[in-house]
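Here are my notes on the model you sent round. They are set out as numbered points, to be read with the structure open.

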Amino acid sequence: MKCLVTFSGRNGDVIWSLPAVREIAKREGPADFAMMPQYASLVPLLQAQSYIGRAFAIKEWVCTGEQCGCQPWQSPDFEGRKQYEQVIDLTYRQHPRGRHLAQWIVRDAGVALPNPVTPWIETGGVYWIIPDARRTIAYGFNPLYHESKMEFLLGLQEKLSGFHFVDTTNLPWLSAAALIKSSLCFIGCRSSNYALAHGVGQKVIVFEPHPSRTGWTFAWPYGTEFDATTASPDESAALAAGMIHIWQEGQGKWDSYHQHPASVTTGSPLCGGR
């Protein structure tokens, strides 16, 4: 059966939809993937995934608002749509509550996350040659609460003067994923690059001053994540620096994603933990 899976946008939401796409592909075979044209920069990253056949943007899919993801959530008619025996629109119909966005999308798709949850982003043969990966830190922040984030970042760089910090936000998506995967860890807020970091199975340090991005919808409940957020960016930088030294010494390594209890459905906010 030829299957098309769609997600309207935005960038981070598309990345969080990929665990569901992977599970759909296990059932239907590699699926094609489509999105709104303003997110077409993701195509090379999506095309690198073994569970996606072809990735493309639907030029007729125009965003009319972003109340609950980019709307309309239904993909429109377009030339070539009739070749698909099944079209699955994954954009959420209402704001996810009580569970992470990816868990919500998986539930709506009628599939389940694997147990344990495993990294879902492949870098497709793209590699970064890093001379000293144990001293290279990938980071990425969105513009929200910019002043607090930069105060945190500058404080952290002062405390880790022997480390090399690389900003991933202006890199092509596939290159950013490869860099994050090759680094000691990733530091950032809960934005699209945070999704990339968890997607490749990297250790993550979070500094997220946005009060609406601290709950279940934004915080991925699997993998290795250290939340360094406090009311003081400098105190947060000290906490983050301490954890980075622990990771650099080979302690507290990423040791596979947590299993979720067999008695709990994947969509439950009780799944996993840190």
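1. Which residue takes a positive phi just after α3? It is G110, with a phi of about 75°. Please keep in mind, here and below, that this is a predicted model.

2. Helix α3 itself covers residues 101–109. Seven of its nine residues are buried, so the helix is largely enclosed by the rest of the structure. The buried residues are L101, A102, Q103, W104, I105, V106 and A109. The list holds a run from L101 to V106 and then A109. In general, an α-helix has 3.6 residues a turn, so residues three or four places apart point the same way. Part of the cover over the buried residues of α3 comes from α1, residues 11–28.

3. Helix α1 also belongs with a sheet. That sheet is open and has four strands, in the order β3-β2-β1-β4, with parallel pairing. Its edges are β3 (52–57) and β4 (86–89), each of which pairs on one side only. On average, neighbouring strands are turned by 20° against each other, ignoring direction. Helix α1 packs on this sheet and touches β1, β2, β3 and β4. The direction of α1 makes about 155° with that of β2.

4. Within the four-stranded sheet, β1 (residues 3–6) and β2 (residues 31–35) are joined in the parallel sense by three bridges. For anyone wanting to find the register on screen, L4 stands opposite D32 in β2.

5. Where are the edges of the other sheet described here? It is an open sheet of five strands, in the order β6-β5-β7-β8-β9, again with parallel pairing. The edge strands are β6 and β9 (225–227), and each pairs on one side only. Neighbouring strands are turned by 25° against each other on average, with direction ignored. Helix α6 packs on this sheet, touching β7, β8 (204–206) and β9. The direction of α6 makes about 150° with that of β8.

6. Is strand β5 (residues 136–140) mostly covered or mostly open? It is mostly covered, as five of its five residues are buried. T136, A138 and G140 point one way from the strand, while I137 and Y139 point the other way; all are buried.

7. Strand β5 has a partner on each side in the strand order, between β6 and β7. It runs parallel to β6 (residues 164–167), with four bridges between them. I137 has F165 as its bridge partner in β6. The pairing of β5 with β7 (residues 185–188) is also parallel, over four bridges. Here A138 stands opposite F186 in β7.

8. The connection from β5 to β6 deserves a look. Together with helix α4 (residues 146–159), these two strands make a right-handed β-α-β unit.

9. S191 lies in the loop between β7 and α6 (192–199). Its relative accessible area is 13%, which is under the 20% cut-off, so S191 counts as buried. Apart from its neighbours within four places in sequence, S191 is in contact with G140, N142 and R213. One of these, G140, is among the buried residues of β5.

10. Some totals for the whole protein chain follow. There are seven helices and nine strands in the chain. The radius of gyration is 19 Å, close to the 19 Å that the globule rule gives for 274 residues, so the chain is as compact as a globular protein of that length. The C-alpha trace spans about 55 × 40 × 35 Å along its principal axes.

11. Buried residues make up 54% of the 274 residues. The accessible surface of the chain comes to about 11,900 Å², and 52% of that belongs to carbon and sulfur atoms. Of the contacts between residues at least 6 apart in sequence, 67% join residues at least 24 apart.

Note on methods. Residues are numbered from 1 along each chain as its sequence is written. This is a predicted model: local features need pLDDT of at least 70, side-chain atom pairs count only at pLDDT 80 or more; totals for chains, interfaces and linings use all residues. Side-chain values use heavy atoms; hydrogens and water are left out. Buried means under 20% relative accessible area, exposed over 50%, partly exposed in between (1.4 Å probe, protein chains only). Contact means heavy atoms within 4.5 Å. Two strands pair if DSSP finds at least two bridges between them. Axes are lines fitted to C-alpha atoms, for helices over the stretch in contact, and angles run from 0 to 180 degrees between N-to-C directions. The radius of gyration is taken over C-alpha atoms; the globule rule is 2.2 Å times the number of residues to the power 0.38. Accessible areas come from the Shrake-Rupley method with a 1.4 Å probe; for residues, only the protein chains shown count as cover. A crossover is right-handed if, with the strands pointing away from the viewer, the path from the first strand over the helix to the second runs clockwise.
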